[in-house]
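Biologist: I have the sequence and the structure open. Walk me through the labels, and show how each one is earned.

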Amino acid sequence: MTIKYLGHSGFLIETSGKTLLFDPMISSNPLAADIDVETLSPDYILLTHGHEDHVADAEQIAKSSNASLITNYEIYSWYQNKGLHGHPMNLGGKFQFDFGTVKYVQAVHSSMLPDGSYGGPSGGFVIWNEDICFYFAGDTALTMDMKLIPQTCPKLDFAILPIGDNFTMGHEDAVIAAEFIECDTIIACHFDTFGYIKIDKNKAIQHFSDKGKKLIIPEINHNIIL
Ligand code: NI
Ligand code: MN
């Protein structure tokens, strides 16, 4: 498995011979200027919710790579009208894909597509196969529903959580989320991209470490070593 950070909430994860792209906002992010979206060529694009900072490059990449979308029913339907293909899900449901099982889980956040269309509920993904199990939270507040993840999914190897505050959890709540999901290795996202979410990264790392957890602050366009 490889995990590459693409900036903001974007990740490219290769597992079971398939390449999964999460929440791509790359070409409009000056911090990710080194990444050419045409080189990503994913097999699947997973979208947690409809906000522009999570879907900005989805259409272009899906069209050039012929990737399948995995997202909620409302977002899937919106993209289907643009000629994209894929697989609709809704909260609490899981489905077996050729790279593993995907469960679309609750997030506490809003959602709207770039043209103002209703984006359905916001969600996150828990994904597992024979090699790995991880949680991609998307944008969310800390929520008690996170406690359902260890009860309903295999043990997590790692989780990708937002820590930038203002629009999502900050690091103080994210460390409680790590406790709720019973996971000691957390990769941070949704920080530093724009003014409201600039954070003190050392403070966040220290806070996790004080609670016996590892917080990885990924570097854009680099592979992440767990
Ligand atoms: Ni959002
Ligand atoms: Mn966001």
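Modeller: D165 sits in the loop between β11 (158-162) and α5 (171-180). Keep in mind that this is a predicted model.

Biologist: Why is D165 called partly exposed?

Modeller: Buried means under 20% relative accessible area, and exposed means over 50%. D165 has 38% relative accessibility, so it counts as partly exposed.

Biologist: What makes the backbone of D165 worth a remark?

Modeller: D165 has a positive phi of about 65 degrees, although it is not a glycine. E182 also has a positive phi, of about 55 degrees, and is not a glycine. E182 is found in the loop between α5 and β12 (185-189).

Biologist: How do you know how far β11 is enclosed by the rest of the structure?

Modeller: Buried means under 20% relative accessible area. Five of the five residues of β11 are buried, so the strand is largely enclosed by the rest of the structure. Both faces are covered. F158, I160 and P162 are buried on one side, and A159 and L161 on the other.

Biologist: What makes β10 and β11 a pair?

Modeller: Two strands pair if there are at least two bridges between them. Three bridges join β10 to β11, and the two run parallel. Y135 has A159 in β11 as its bridge partner.

Biologist: And how many bridges join β11 to β12?

Modeller: Four bridges, again with the strands parallel. P162 has C189 in β12 as its bridge partner. With at least two bridges required, β11 and β12 pair.

Biologist: Why is the unit of β11, α5 and β12 called right-handed or left-handed?

Modeller: The view is taken with the strands pointing away from the viewer; a clockwise path from the first strand over the helix to the second is right-handed. β11, α5 and β12 make a right-handed β-α-β unit.

Biologist: Which sheet holds these strands, and in what order?

Modeller: The order is β7-β8-β9-β10-β11-β12-β13, an open sheet of seven strands with mixed pairing. β7 (94-97) and β13 (214-216) stand at the edges. Each has a single partner strand, so one side of each is left without a neighbour in the sheet. Neighbouring strands of this sheet are turned by 20 degrees against each other on average, direction ignored.

Biologist: Now the metals. What makes D53, H54, D139 and H190 donors of the manganese ion (ligand 2)?

Modeller: Donors are N, O and S atoms within 2.8 Å of this metal. D53 (OD), H54 (NE2), D139 (OD) and H190 (NE2) coordinate the manganese ion (ligand 2) at 2.1 to 2.2 Å. Those distances fall within the cut-off. The donors follow the spacing D-H-x84-D-x50-H along the chain.

Biologist: Where do H54 and D139 lie in the chain?

Modeller: H54 is in helix α1 (residues 52-55). D139 is in the loop between β10 (133-136) and α4 (148-152). The pair is 85 residues apart, and links distant parts of the chain. H54 and D139 are both buried.

Biologist: Which residue coordinates both the manganese ion (ligand 2) and the nickel ion (ligand 1)?

Modeller: D139 does, and the two ions are 3.2 Å apart.

Biologist: How do you know whether T71 is buried or exposed?

Modeller: T71 lies in strand β5 (residues 68-72). The cut-off for buried is under 20%. T71 has a relative accessible area of 0%, so it is buried. Leaving aside neighbours within four places in sequence, T71 is in contact with L47, Y76, H87, P88, M89 and F125.

Biologist: Which backbone oxygen lies 2.8 Å from a polar atom of the T71 side chain?

Modeller: That of L47. A polar contact needs N or O atoms within 3.5 Å, and 2.8 Å falls within that.

Biologist: What makes N72 a cap of α3?

Modeller: A side-chain oxygen of N72 lies 3.1 Å from the backbone nitrogen of E74, at the N-terminal end of the helix. In α3 (residues 73-80), the buried residues are I75, Y76, S77, W78 and Y79. They pack against α1, α2 (58-65), β5 and β6 (86-89).

Note on methods
Residues numbered from 1 in each chain as written. Chains lettered and ligands numbered in written order. Predicted model: local features only at pLDDT ≥ 70, side-chain atom pairs only at ≥ 80, totals over all residues. Heavy atoms only, no water. Buried < 20%, exposed > 50% of the residue type's maximum accessible area, 1.4 Å probe, protein only. Axes fitted to C-alpha atoms, helices over the stretch in contact; angles between N-to-C directions. Polar contact = N/O pair within 3.5 Å; in protein donor to acceptor, adjacent residues only side chain to side chain. Contact = heavy atoms within 4.5 Å.
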